[in-house]
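This briefing goes through the fold, a helix pair, the nonpolar cores and one chosen residue. Please read it with the model open.

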Amino acid sequence: LFYRTSPSFFHRSNNMLSNKGVRWVAAGWLGFITENLVMSHNRDWIISNYGDDNYHIVYNILSTAACGSIGYGFFKHGKTGGPSFPRRGPLLQLAGFSIQALGLIGLSQLAPALQVPVGFGPQAPKTGPSNGLAASGVSLSAEQPKSERKLYVRCPIDFHQKSPDGGIYGIDRVSRHPALWFMGITSLGSALTTVYAAHAVMFSFPIVFSFIGTSHRDYRFRRDSGGILTPEMEAKTSNIPFLALIQGKQPVDTFVSEIKWTNAALATVAAAGLALRRLK
């Protein structure tokens, strides 16, 4: 159920570390994580001694070099070749789909809310003499026409900004760093289902970076370095996804009411499409 056996699996797995794609991708990710940790940890000292511009120049050069290594290894040597694993069985395919769907749903909550452009429901009463009297304070509820239920057109994107609960709303109730975490979760779904070694390395590292990067960001923010994490905010939220909801720091019913359901549905469809593509 987990794997479909292949007679040459062990031979190919032994050669995994000797593959250029695996080495370049792994070296790039290790370099990316290391330079992010070192540069961000020493951010204040570097800026005070060498200036903000030089800090960002060095940071960007190192990040570009690391990403270049990842891209070179993946697209040149590992995208469609190199050592491979047995084809994943039904259970791992299902797990990969579920995890990737969760990640895409989380990422979809960062975008503006999507909605069906055509609705059906009550409309406000038309302006008339009775409305004018009502606006003047005269109660004419018996005379006021009832709202009609009919089709109406609305914008497919809801740009209305909801009022956050003390700076916390929607996906922020799941994690203080939803973008990094759900990017990593989305990639993990691909890592579980791929048959190529370079792909597995490529898509496994983002979840590692999510944990290390978000933990270190909280460490810096507690010390007012590059951002702020107040004790009050930390007490009400969590870094690890869903931990604040499980611990009761955030109300589950409020979070459910704030989910952008159309976004979530489209994200699930996208994950299903990716899953079907992998099965071909």
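The points below are grouped by topic, after a short note on how the values were obtained.

This is a predicted model, in which local features need pLDDT of at least 70 and side-chain atom pairs count only at pLDDT 80 or more, while totals for chains, interfaces and linings use all residues. Residues are numbered from 1 along each chain as its sequence is written, and side-chain values use heavy atoms, with hydrogens and water left out.

**Overall picture**
- The protein has 12 helices and four strands, taken as DSSP runs (H or I of at least four residues for helices, E of at least two for strands) and numbered from the N terminus.
- Of the 280 residues in the protein, 35% are buried, where buried means under 20% relative accessible area, exposed over 50% and partly exposed in between, with a 1.4 Å probe and protein chains only.
- Among contacts (heavy atoms within 4.5 Å) between residues at least 6 apart in sequence, 82% join residues at least 24 apart.

**The pairing of H2 and H8**
- The axes of helix H2 (residues 20–41) and helix H8 (residues 197–222) come within 9 Å and cross at roughly 5°; axes are lines fitted to C-alpha atoms, for helices over the stretch in contact, and angles run from 0 to 180 degrees between N-to-C directions.
- That makes H2 roughly parallel to H8, a term used for angles under 35 degrees.
- The residues of this contact divide into 18 nonpolar, five polar and one charged, with Ala, Val, Leu, Ile, Met, Phe, Trp, Tyr, Cys and Pro counted as nonpolar, Asp, Glu, Lys and Arg as charged, and the others, Gly among them, as polar.

**Nonpolar cores**
- The largest nonpolar core, a set of buried Ala, Val, Leu, Ile, Met, Phe, Trp, Tyr and Cys residues joined through side-chain atoms within 4.5 Å, has 18 residues, and those with the most contacts inside it include Val25, Trp29 and Phe205.
- H2, helix H4 (52–78) and H8 are the elements that give two or more residues to this core, and its largest share, seven residues, comes from H8.
- Apart from it lies another core of seven residues, among them Val174, Phe182, Ile185 and Ile259.
- Not counting residues up to four places away in sequence, Val25 touches Ser69, Ile70, Gly73, Phe74, Ala198, Val201 and Met202.

**Ala179**
- Ala179 lies in helix H7 (residues 178–193) and is partly exposed, with a relative accessible area of 41%.
- Leaving aside neighbours within four places in sequence, Ala179 is in contact with Leu107 and Leu110.
- The C-alpha atoms of Ala179 and Gln109 are separated by 9.5 Å, although these residues are 70 residues apart along the chain.

Terms used
Parallel < 35°, antiparallel > 145°, perpendicular 65-115°, else oblique.
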